[in-house]
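Got the viewer open? Let's take a short walk through this one, selecting a few places along the way.

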Amino acid sequence: MASEEASLRALESLMTEFFHNCTTNERKREIEELLNNFAQQIGAWRFCLYFLSSTRNDYVMMYSLTVFENLINKMWLGVPSQDKMEIRSCLPKLLLAHHKTLPYFIRNKLCKVIVDIGRQDWPMFYHDFFTNILQLIQSPVTTPLGLIMLKTTSEELACPREDLSVARKEELRKLLLDQVQTVLGLLTGILESIWDKHSVTAATPPPSPSSGESGGDLLSSLLQSPSAAKLLNQPIPILDSESEYICSLALECLAHLFSWIPLSTSITPSLLTTIFHFARFGCDTRARKMSSVNGSSQNSVLSQERGRLGILAMSCINELMSKNCVPMEFEEYLLRMFQQTFYLLQKITKENNAHTVKSRLEELDESYIEKFTDFLRLFVSVHLRRIESYSQFPVVEFLALLFKYTFHQPTHEGYFSCLDIWTLFLDYLTSKIKSRLADKEAVLNRYEDALVLLLTEVLNRIQFRYNQAQLEELDDETLDDDQQTEWQRYLRQSLEVVAKVMELLPTHAFSTLFPVLQDNLEVYLGLQQFVVTSGTGHRLNITAENDCRRLHCSLRDLSSLLQAVGRLAEYFIGDVFAARFNDALTVVERLVKVTLYGSQIKLYNIETAVPSVLKPDLIDVHAQSLAALQAYSHWLAQFYSEVHRQNPEQFISLVSTALEAITPLISSKVQEKLLLSACHLLVSLATTVRPVFLIRIPAVQKVFNRITDTSAQRLPDKAQVLVCRALSNVLLLPWPNLPESEQQWAVRSTNHASLISALTREYRHLKSSAILPQRKVRLEDTKVIIHQTLSVLEDIVESISGESTKSRQICYQSLQESVQVSLALFPAFIHQSDVTDEMLSFFLTLFQGLRVQMGVPFTEQIIQTFLNMFTREQLAESILHEGSTGCRVVEKFLKILQVVVQEPGQVFKPFLPSIISLCMEQVYPIIAERSSPDVKAELFELLFRVLHHNWRYFFKSSVLASVQRGMAEEQMENEAQFSAIMQAFGQSFLQPDIHLFKQNLFYLETLNTKQKLYHKKIFRTTMLFQFVNVLLQVLVHKSHDLLQEEIGIAIYNMASVDFDSFYSAFLTEFLASCDGVDSNQKNVLGRNFKMDRDLPSFTQNVHRLVNDLRYYRLCNDSLPPGTVKL
C-alpha cells in the first residue's frame, strides 16, 4: 500500500500546485501532461479507486473520476472482464458508503460514471443496474440518491450520444420504455405521500366566502367535479427541507422523462393532479410574506425553495404541453390539465382588498411567471384548436383571465411575451374564419367583446396619457439586433396586435382608434395660437413646466397614433375600398391637413422652452404624419382609378395639398429625419399614385428647378437619390387609366433627357480629363463626383427595371452618354477598388434592367472591356491584396456575367468559352486554396448558371436523334470544361464553409431535377461514386452536421441512378477503403445496410452506417496496444 499512499500524497500536492494562483502556465502544462500519461496507463483505475476512498481532496476525487469516465467511455472494450466486474461492484459500494458526505458535484459525477457503465453493460453484464436504482428510491434513507441516479439514467440512456451503435441505442430506449410505468408509479407515490403527510386538511376550517378565496362559478365550470375544486382549494402544506429536496428531485426526474416518453395512459390522472398540487407552490404568496415578516434568512430560503417546486412542476406540465401528437385516449387528460392550470391562472389573477393583480404577480418568482407564460403560449399555439370544440371548456372566460394576466405583467419582457400569445390567438382566429366563411359571424360574435377590450387596452398601453411611468422606462437610444430600440419594438409589437384586430373587426377598430387620434390632433393643431414671433424667429410660448410635460406626452402619443393609423392603411383597399371609403377619406383628409399645417408654421424650426425634448417631439410628429400619409398611397391610387373620369376635384385637391406640404421640406436646412419622410412621400406619389397632372403642379416644378440648379446646395446623399428617383418616375412611368396614345411620350422623353443631362453634367466632363494622371486632390474630387452621380443613376435604373418597354427605352436614351463615359473611365480607375466597385454596381444594374435597350453590339463591347481588364494579375490583386472592397469588385463582375449567361437566345453564346476559362483558369485557382469564403459563392453561382442555362453547350441532343436511337447516349461537347467544373464542385465539399456546401449541394440537386445531371453518361461513369464517397466521408467526419438531412437525400438521388452498382460494387469498395475497422466489423456494417430502394429507409440506412462506423472506430481506438481480436 506504500506506493498507493505515496502516489496519493504526490497527486494531492500536484493538484494543489496546479490550482495555486502562483503556478506558471508552463508548469501547469507539465502537470497536465504528467496526469494524462498517468491516466493512460493500464490499471491506473486501481490507484484511482484507492484515491477515491482515501482522500478528502476535491481535485483528486474529480481527477480520479475523470480517469474512470475515460476508461468506461473510451477503453471499456479492452478492459478484462474480471476488472470490469470489480469496478461494477466497487463504485456503487463507494457511492453508498460516502454519498452523504461527498460534495454534491463529486457525488453527481460518481453517479454519472456508474450510469456510464450501465449504458455499456446493462442488462447483459450488469443485470441489477436498474433494479438497484429502484431499490435506492424505495428505501427512505437513499431516496434522494436513487432519484439522482434515475435522472442521470434518463439523461444518458434515453438520448445517448453517438458513442453507441444504433442497435444499442434502440435497445436502451426499449429497455427504458419497459420501465416507464414502474418509474412513474414510484414518483407519483413519493410526491403523493409527502403531500399527504404534510397536509393540514382536518385542522383548517373552510375559508369564509368574504375572504375572497371562493370564486366558485368559473372554477366549477372549469372543473366539472366539485371534489376536484375542493382538492385544489386545500391550503398548501408546509414542507421540511428534506421533503422539499426530495420533491424537487422527483419533479426534475419527471420533467426529463416527459421530454422523451410518448404521451400515454401510463401518465395517470393521479400523477397529473399531484404535479398540479405542486404547481400551486409557485403562486403561493403567503410563504413569501411569512418569511418577510419573520425576517429570518432561514425562512426566506425556504420560501425560495417552495417557489422552485412550483417552477419545476410547471416545467413538467410544459414538457407534456409541447407534444403536438396527442393520442385519442390522452385527450381527456389534456382537458383536465388545462382545467387545472386555469384554476391556477384564476388564482394568480384574483383581485381582493389586500392585493391588486399586479402586486400579486410582482410577488411571484420571475421564473414561475415565465414558465406560466410558456404554458399559455403552448396552449394557444398547439392545443387551442383541439380544445375549443369541447363545449365544456369556457374559452371566453379563459381569454378574460389571459387579459388580466397580460395587462398586469410586472416586466416589459413579460408583457411582450403575452402580446405574442394574443398574436397567436388572433392568427388562429383569422385562419379559422378564412377556412369557415359560412359561420364567420358566429365566430366573431363569440369573441367580439374580448377583442374590443384587447384593442382598447393595447392602445392605452402605448399612450403616455395612461401609461407614462412605464413608457418612460423604455430605452429609445440603443439599437438591438433588429436595428430597433426597446421603445420601437414595444410600439411595433403593440401595433401588430392592433392591426390583427382591425383585420377581424374593421369598424370597431376604427371607431376605437380615430377619436383618440382626433383628441391628440386637436392639441397639435391648437399650437398655432401659442406661436409668437421673436427677434430670432418663431417661438412656442408654452413655458410652464407642467404644460411642457403635458405637451411632450401628447406629442409622443400623437406620433404613436399616427403610426397606428398608417399601419391600418392596408385594410381600406382592394375589395373593401367602397365599403370603407368614408372612413379612409376622413383619415387622409386629416393627414393632408396636418402635414400642410406642420410645413406652413414650420414647427420643426421653432424655438421652445425645453428644446432638447419638445423639438425632437415636433419633428417626429411631422415626420410620422408624412409617413402615415405615404402608407395611404395605394388607397390614393385606387381612389384615382375610381374617379379620374367623372369628378376628380377632391382627389386633385388632396394630392396638390400634400405636395404643398412636401416641397418646403426638400431643403438641406431641414433635419434629415423630416427631409427623408418628405422624400419618401414624394416617391410614393410619383410611383404608386402617378397622377397625370403631377408635372403641372407648381410645387413639383419647383423641386425640378431646385434639383437641376447646380448653384443650389446639394441635398444629403439619401435624399438626393430619392428626389431624383421621384422626378425621373414622374416622367418615365406610364400614367394609369390612359391609353398609349395619350401618354405624351415625346414631350416626356425630351424632359427626361434634359433632367438626366443636368444631373450628370460634371460627370460627363470627367471623360476628357480621365486620360491624364490624377493629382491627389483632383482624384478625391473626382471620386466624389463619380459616387454622387452613379448612386443617383443606379437608383433610377433600378426603379424602372420592372416597368414597360417604353419607359425603359426612354430611360436608356437619356442615360446613353453617361453609360459610355462610365465605360471609358473604367480602365483609368481599375486600381481604385472603391471606384471600380461603384462602377460595377452601376453596370450590374444596367445589365439587370436595360440589357435589351443597350443592344447587342454595345453590350458585347462592355463585356469584352471587362474580360480584357480583369487579367489574372488584376484578379489576384483585387482578391488577395485589396481586402473586402477588392473581393466585392470581383463578386460584382461575376454577377454581371451571371446575367449574361442566363440570357436566352444565341446572342451572348460566343462569350461562353471565355467566361468559363476566366472562371476555371483565372478566378478559381486564386480562391480554391483560400479558406476565406469571399468570391466563392458568386463563382459557383456563375458556374451553376453556365450549366443550367447553357446545357446544350455541353450536351447536344436533338429530339429526333434521341427518338431514333432510343435511349442511346447523347453527344458530349466541351467535355474538359464540364469535368473541370464538376471537379471544382467536388472540391468545395471538402472545405469547412457550411454555406458554400449547402449552396453547391442545392445546385447539383437542381441540375439533376431539371437536366438529369446524375444520369448523364460522363457523370455516371466517372464521377457519380466519387461524389457519393465524398458526401459519406463528410457525414462520418461530422464536419457539416447541420446538413445531415440534405446530404442523405443527395446520396439517395445519386445512388438511385444505379442501385445495383451501388449495392454490388460501391458499398463494398467504400467499406474496404475504410480504415480503423476490422474485416468482421466491415461485414456487419455491410449486412446492416439493407437493400432498400425508398428514400426514408435508404437515408436511415446511411445514417446507421455512419453512426456505427464511427462507433467501431471509437471502440478500436480504445483497445490497449497489442490486443488480439478474434
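A pocket here is an open set of points, on a 1 Å grid over the protein atoms alone, with protein on both sides within 12 Å along at least five of seven lines; its lining residues have an atom within 4 Å of a point. Grid points are joined across faces, edges and corners, and a volume is the space filled by probe spheres set on the points.

Before you click: this is a predicted model, where local features need pLDDT of at least 70 and side-chain atom pairs count only at pLDDT 80 or more, while totals for chains, interfaces and linings use all residues. Residues are numbered from 1 along each chain as its sequence is written, and side-chain values use heavy atoms, with hydrogens and water left out.

**Stop one: a pocket.** Select L77, Q120, D121, F125 and Y1111, which lie nearest the centre of the second largest pocket, out of 26 lining residues. Its volume is about 650 Å³. Now colour α4 (58-74), α5 (81-98), α6 (104-121), α9 (166-198) and α52 (1095-1118), the elements that each give two or more residues to this lining. Helices are DSSP runs of H or I, at least four residues, numbered from the N terminus. Which element gives the most to the lining? That's α52, with five residues.

**Stop two: the core.** Go to L91 and W635, the residues with the most contacts inside the largest nonpolar core, which has 397 residues. Such a core is a set of buried Ala, Val, Leu, Ile, Met, Phe, Trp, Tyr and Cys residues joined through side-chain atoms within 4.5 Å. Its largest share, twelve residues, comes from α9. Around L91, show its contacts (heavy atoms within 4.5 Å): L49, L52, F68, L110, V113, I114 and I117, leaving aside residues up to four places away in sequence.

**Stop three: L850.** Jump to helix α37 (residues 833-854), where L850 is found. Is L850 buried or exposed? It counts as buried, because its relative accessibility is 0%; the cut-offs are under 20% for buried, over 50% for exposed and partly exposed in between, with a 1.4 Å probe and protein chains only. Beyond four places in sequence, L850 touches V797, I800, R808, C811, Y812, L815 and T845.

**Last stop: cysteines.** Searching the whole structure for disulfides (cysteine sulfur pairs within 2.5 Å) turns up zero. Select C548, buried at 6% relative accessibility: the closest cysteine sulfur, in C553, is 11 Å away, too far for a bond. C22, by contrast, counts as exposed at 62%.

Methods: On a 1 Å grid over the protein atoms alone, a cavity is a set of points where a 1.4 Å probe fits but cannot get out, and a pocket is an open set with protein on both sides within 12 Å along at least five of seven lines; lining residues have an atom within 4 Å of a point.
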